[in-house]
Amino acid sequence: MRRSAAALGSSLFLALAPGTVAVLLPWWLTGWRAGDWWLPVRLSGLIPLAAGTTVLLSAFVRFVAEGLGTPAPVAPTEHLVVGGLYRYVRNPMYVAVVAVVAGQALLLARPVLFTYGACAGLLMWAFARWYEEPTLADRFGAEYERYRRSVPGWWPRPRPRQGE
């Protein structure tokens, strides 16, 4: 896949998938109307919101630059993406989406978003476990198995995986 096609496909998928989970559905649940929590607690939501957004955008760029493809199952990468944040955790996009939702929950003082984020995280875990992992194992074989054994799926390791 050409980089320009990968960038376009990744941009569309970013708007469609994470855009729906991290923006559209939280808006639908809350109308982005804020509750009445102590302001410092609410403002603390900016930290996971900003961090999650940064991680998400960085991961999408990595799929284009390193993988020559998209995160979308219909247009997968040509190469296994193991650099950047993927040296610390195998699923930084999913972790980032949950962080964005948690950040919104704090910022808007809306507990329903914590529940929604937990449910979304569980669905992402199931998708990764029962679709992505077997698909990556079939597609990339021993390279993926080595990567899977050395990098945790959901809780980032303190030091990056070496050799990449």
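Here are three short exercises, with worked solutions, on a predicted model.

**Exercise 1. Work out how far helix α5 departs from a straight helix, and find where its kink is centred.**

Step 1: Start with the length. Helix α5 covers residues 111–150, which makes 40 residues.

Step 2: Compare the spans. At 1.5 Å a residue, a straight helix would reach 58 Å, but the end C-alpha atoms of α5 are only 35 Å apart.

Step 3: Look for a bend. There's a kink of about 125° in α5, and Phe-140 sits at its centre.

Step 4: Check what α5 leans on. Its buried residues, among them Phe-140, Tyr-144 and Tyr-147, pack against α1 and α4.

**Exercise 2. Glu-132 and Glu-133: find out which salt bridges, if any, each one forms.**

Step 1: Take Glu-132, a residue of helix α5. Glu-132 is buried but has no salt bridge.

Step 2: Use the cut-off. A salt bridge needs the nitrogen and the oxygen within 4 Å. For Glu-132, the nearest side chain of opposite charge is Arg-90, and that is 8.3 Å away.

Step 3: See what Glu-132 does touch. Skipping neighbours within four places in sequence, its contacts are Asn-91, Tyr-94 and Phe-127.

Step 4: Now try Glu-133. Its salt bridge with Arg-90 has its closest N and O atoms 3.3 Å apart. This pair links distant parts of the chain, since Glu-133 is in helix α5 and Arg-90 is in the loop between α3 and α4, 43 residues apart.

Step 5: Are these two buried or exposed? Glu-133 has a relative accessible area of 15%, so it counts as buried. Arg-90 is also at 15%, so it is buried too.

Step 6: Add the other partner. Arg-129 forms a salt bridge with Glu-133 at 3.8 Å between the closest N and O atoms. Both lie in α5, four residues apart, or about one turn of the helix. Arg-129 is partly exposed because its relative accessible area is 38%.

Step 7: Put it together. Arg-90, Arg-129 and Glu-133 form a network of salt bridges.

**Exercise 3. Describe the largest nonpolar core and what Tyr-147 touches.**

Step 1: Count the members. The core has 26 residues, and those with the most contacts inside it include Leu-56, Leu-113 and Tyr-147.

Step 2: Name the contributors. α3, α4 and α5 each give two or more residues to this core.

Step 3: Follow Tyr-147. Leaving out neighbours within four places in sequence, its contacts include Leu-80, Tyr-86, Arg-90 and Arg-161.

Note on methods:
Residues are numbered from 1 along each chain as its sequence is written. This is a predicted model: local features need pLDDT of at least 70, side-chain atom pairs count only at pLDDT 80 or more; totals for chains, interfaces and linings use all residues. Side-chain values use heavy atoms; hydrogens and water are left out. The expected span of a helix is 1.5 Å times one less than its number of residues. The bend at a residue is the angle between axes fitted to the seven residues ending there and the seven starting there. Buried means under 20% relative accessible area, exposed over 50%, partly exposed in between (1.4 Å probe, protein chains only). Contact means heavy atoms within 4.5 Å. Lys and Arg count as positive and Asp and Glu as negative; His and the chain ends are not counted. A nonpolar core is a set of buried Ala, Val, Leu, Ile, Met, Phe, Trp, Tyr and Cys residues joined through side-chain atoms within 4.5 Å.
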